[in-house]
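Visitor: Please give me a close look at one part of this, the charged pairs to begin with. After that, take me along to whatever else fits with them.

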Amino acid sequence: MVCRRIIALCLIQRVRFGLVINPIPAISTLLQPPIVRTGLVPHTSAPASSAHKPPSSRDIPPVTLTNITHVDPAEFKPYLSQVGALYEQLRRVKENEDDVSTIRRGNKADDYFEHPDEAHLRPGARPPFLTRRSSITSLSSISSLDAASIRKSSSSTSRRGPQGPPPLSTIPNVYFDADFHLENPRTFDVVSERSEVVRPPPGSTDDKGEKSAPNGSAAAPRKALATNAILQEKLSWYMDTIEMHLINSISTASTTFFTALGSLRELHSEASDSVERIKTLRKELAALDREIAQTGLDMIQKRRRRENIQQLNDAVLQLRHIVEAVKKCESLVDSGQVEEALNGIDSLELLIAGELREDDPAAVTTPALRAICLRDLRGATALQGVNDDLNSLRFRLGKAYESKFVNALLDDLRRHLEAVKQQEVLLRWSSSSMRARGGHSREPSVFPSYLASTDELKKTIRPYLVGLHRAQHIATATSAYREAVLREVRNIIRRPLPSSADDDNESMMSVSTTSGGRNLSSKEKSSILARNLRALDPKDAEDLLQSAYIGVTETLRRLTTQVKVLLDVASSLSADPLGDSGTKSPPIRSPLSSPKPERQQDGSIFEIQEEIHKAMDVANLLGQAVDIAQDKIVKVLKVRADQSTHLPLVWFLRYFTLNLYFANECEAISGRSGTSLKTLVNGHIKEFVQYHGDAEKQNLAQNMETDQWGAKDFTEKDAALLNEVVESSTRDAPSWSEGSNIWIEYSPEDEETADAAAQAKPETNGTSREKTRTAVVEGESFILPNSAILCLEGITHFLHLIKGIPSMTTDVATSLIAYLHLFNSRCTQLILGAGATRSAGLKNITTRHLALAAQALALIVTLIPHIREFVRRHAGSGAGVSNLMGEFDKVRRLFQEHQNSIFDKLVDIMGGRVAYHSKAIKAIDWDGDGAQSVHPYMEALVKETATLHRVLSKHVPESSVQMVMVPVFASYKEQLGKVFDAADPKTEAGRQSMRRDVEFFTTKLADLQGFGTTGEHLMSIVDGKTVEAPAQPSPSTPPATDASQPVEGEEDTANKGEPEKSDAKDSGQEGKSSPPPDETTNDK
């Protein structure tokens, strides 16, 4: 590295700066002062005795500076390669020399080349070893180098005398720096010893600055680079020092180099002698080959030719027998002898492989074949057509076995569908559904029929499976069976559909359309089929769906059993050597088999099972079959969507349950959820819930408009419905599960007959009025009108629907709340709003009507907590459920407010009556009247009040009677008290007349609830009247105590005689509601 840098520095100094300086042979010849070796700046001016005048800046021509280019280190590689080779030889010589002086010189050289780093020429450090080179330079190059080294050595000796070359420490360390770059300004300044490239003219600013230092002292002037001959001499001296060290190293290694060169020449001569001897030996060996070896080789070749001809003859004979055997196998296949043809093909394949079958049922092996040597001809070109023929024959045989195999499995599926019982399947579906919901089956479990009769199936398909394996047709046959199963599933859906031909007399359950008559287009057939599907009644539609659903699921269940049987039969097959011979690949073995030979399964058995499993792909087949079936079913259900959503409640619950069980069974079989079917059925459920709610509300509204609002006999059926609603808070009624028991035949005719008998039974035992039964809830009796019983039936329908479809509890409960709102609003319109007088033809709204309406409302108020708890049990929990419970509470408060409104209406009516009678009281002339009996206003008021109390006591509970009568008597007390207080009788007779009215009022009504102190209050007002002293009575005047007797007789007669009529017009109140006095004749 130092050599490269010194050489580069010299070249840069002499060439790249454009400086042309003549080399100076010695320092003593120079005119400049001597070099100061201490490192100080040399003298800058000549002594006075010197006559030489140094050149000025004007005498030096200007120098054009050029950019310094970077020298590629690769340019020095040839030189370093030569030096490296010489150094390696030097090292070998130093290891072998015994001379002490030579060893000492060798040690010195080792100091320069010991460490392989870039600083091997640095002063004060031992130079590293150079890299060993394997190449050897030419002799001329070595000689030239040797001569150059001798010249260098002699010149160096003449200059320096007997001592060795100058040490490397005399060269500055900057040249040994690893980051040495001459283009670096600092490096250049150090190398040039701060010389100026261009000296500034005298008198310039730079020149003045050089003369004065910052501290005022005079600075040494800088020399110009172009005239600094001492610097150039230094650089030349550095280079000479490096060259001297290199020459010493090269001269030391020259002896070893020439020694090695001599050894190389000796090796060349020995190699030439060896080549000559090898040529002589080859000539002798060639003579031996011609005389001895060639003769024996000819004999061996002739013997081999004879053997080849014999083998060719045997192969031709073998080929002839193969062609004859192929023809024989073709004739057997054409004649239908499948088993014999398979045996012949197996023997033929062994013959092609060069083997003979010991037991040959097809008689392919002949004595002539046993006498020749057979060869393996499977790779022969002449038999390529034979292999194709054999494959064709195997394919034909495989097709024959495939047909038998597929038909046997399809027949097994059809026999299973014919033998299975629908009730058993539906019951099994119900049990599975209950287990999925965490319940327990009500019926004992039965062994599924699709798992039975497997032994007979094994016996049937075993020979077919063996034949398919020998014909190498198992995969194809299994794929054909897959397609057959999918076609069978489609046919199962089509089979129960009604006819698509326009023939009403034809059976609605035909399998295919009629072929006679005019050919119908597919669009016409679809239209006819859709029309016939819509025309099915609920029973026929349910039978159609049950047949299709059971057929599909049982087919797929039996299919899974068949696959297990196939794998079982395949595992029981013994290893068949004929099936694995011929042109087949080596059989694969199960990676799970035992390593022991006695426990390993045969490779062909595992191959059969693997082939069946891959070709059948049971999971995918079941998924495809379910998708096809559900796709067809969805189309049928879409056609009947309108009919399905308008089914009666029980029929729709059976429809929903059947579809639910079918979807669950399909998911259990295939693992697919059946989204399309579930989405469609869910849509039908939502439509039905809407339709059911609208139908129930419409039915309720129509029946309430025609209701006469009379007491209706509460039959046993009605009592059963009421008990179901009351008990629904803790348990579901068993009758509400009728829609879920689809395995039980449902006949609505029997139910209608039972209802008619239950309604007709009470009428046979006397009059219905005498036998009127009441509804009893929690010990409280309710006499109900027909509208209340109808509302009770509607409530049970909603609860029945919630029990059948728990997932729709929220929607059904919302519809039920709307149903109760309708009952409340219609009851308000018909009774309080007097709408029944227009819709039902009632003359007026009587107390009985109001009391029955209040009882109907009270019954619903009593049932709402039970209904609310039932809904909460089925709806679960959540924010929506909490809101729903709040809606039930709101409805209950509305019913209670309505009931209170009816009671307030009764109070208002009686208040109107007493106000009407108060006007009559004001018109009475108490003094001039002279009447000895009760006035008519009082008789009418007493009669109306007694009638009101009698009707209320009959229809409403005592607490409700109290709620009405207490305000009524309070109104009497207030209004009559004001009228009596305003009356001003002048005489005792007038006051006695008032007393008779009050005494009659007290006598007749004192025992009624709520009467209280009304009589005493009125009597105190009368007694407080101030009148004139009475005159002496005449003897003919009857006693006052007898005045009341005719009144009592009249009252009795009035109570037993013709009913008194009163309507809303007389009451002076809004509407036509008034107490019904006509109840006196019927309520004794």
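Guide: Let's start with Glu 999, which forms a salt bridge with Arg 995 (a side-chain nitrogen of Lys or Arg within 4 Å of a carboxyl oxygen of Asp or Glu). Their closest N and O atoms are 3.5 Å apart. Before we go on: this is a predicted model, where local features need pLDDT of at least 70, side-chain atom pairs count only at pLDDT 80 or more, and totals for chains, interfaces and linings use all residues. Residues are numbered from 1 along each chain as its sequence is written, and side-chain values use heavy atoms, with hydrogens and water left out.

Back to our pair. Glu 999 and Arg 995 both sit in helix H32 (residues 988–1005); helices here are DSSP runs of H or I with at least four residues, strands are E runs of at least two, and both are numbered from the N terminus. The two residues are 4 apart, about one turn of the helix. How covered up is each of them? Glu 999 has 35% relative accessibility, so it counts as partly exposed (buried is under 20%, exposed over 50%, with a 1.4 Å probe and protein chains only). Arg 995 is partly exposed too, at 21%. Elsewhere, salt bridges with shared partners join Asp 411, Arg 414, Glu 488 and Arg 495 into one network.

A search of the whole structure turns up 32 salt bridges, so let's pick out a couple more. Asp 631 and Lys 635 meet in one with 3.9 Å from N to O. They are 4 residues apart in helix H18 (residues 618–639), and because of that spacing about one helical turn separates them. Asp 631 is partly exposed at 40%, and Lys 635 is partly exposed at 48%.

Now for a pair that reaches along the chain. Asp 713 bridges to Arg 773, with the closest N and O atoms 2.7 Å apart. Asp 713 is in the loop between helix H21 (675–706) and H22, while Arg 773 is in the loop between H23 and strand E1 (775–777), so this pair ties together parts 60 residues apart in sequence. Asp 713 is buried, with a relative accessible area of 12%, whereas Arg 773 is partly exposed at 30%.

Ala 711 takes part in another long-range meeting: its C-alpha atom is 8.8 Å from that of His 955, although their places lie 244 residues apart along the chain. His 955 belongs to helix H30 (residues 936–955) and is buried, at 4%.

Rings can do this kind of tying as well. The whole structure has 15 aromatic pairs (rings of Phe, Tyr and Trp, its six-membered one, with centres within 6.5 Å; planes under 30 degrees apart are stacked, over 60 edge-to-face, the rest tilted). Take Trp 736 and Phe 870: their ring centres are 5.5 Å apart and their planes sit at 75°, so they are edge-to-face. Trp 736 is in the loop between helix H22 (716–727) and helix H23 (748–760), and Phe 870 is in helix H27 (residues 847–875), so parts 134 residues apart in sequence are tied together. Both partners are tucked away: Trp 736 is buried at 3%, and Phe 870 is buried at 0%. Ring pairs also link Tyr 175, Phe 180, Trp 237 and Tyr 238 into a cluster.
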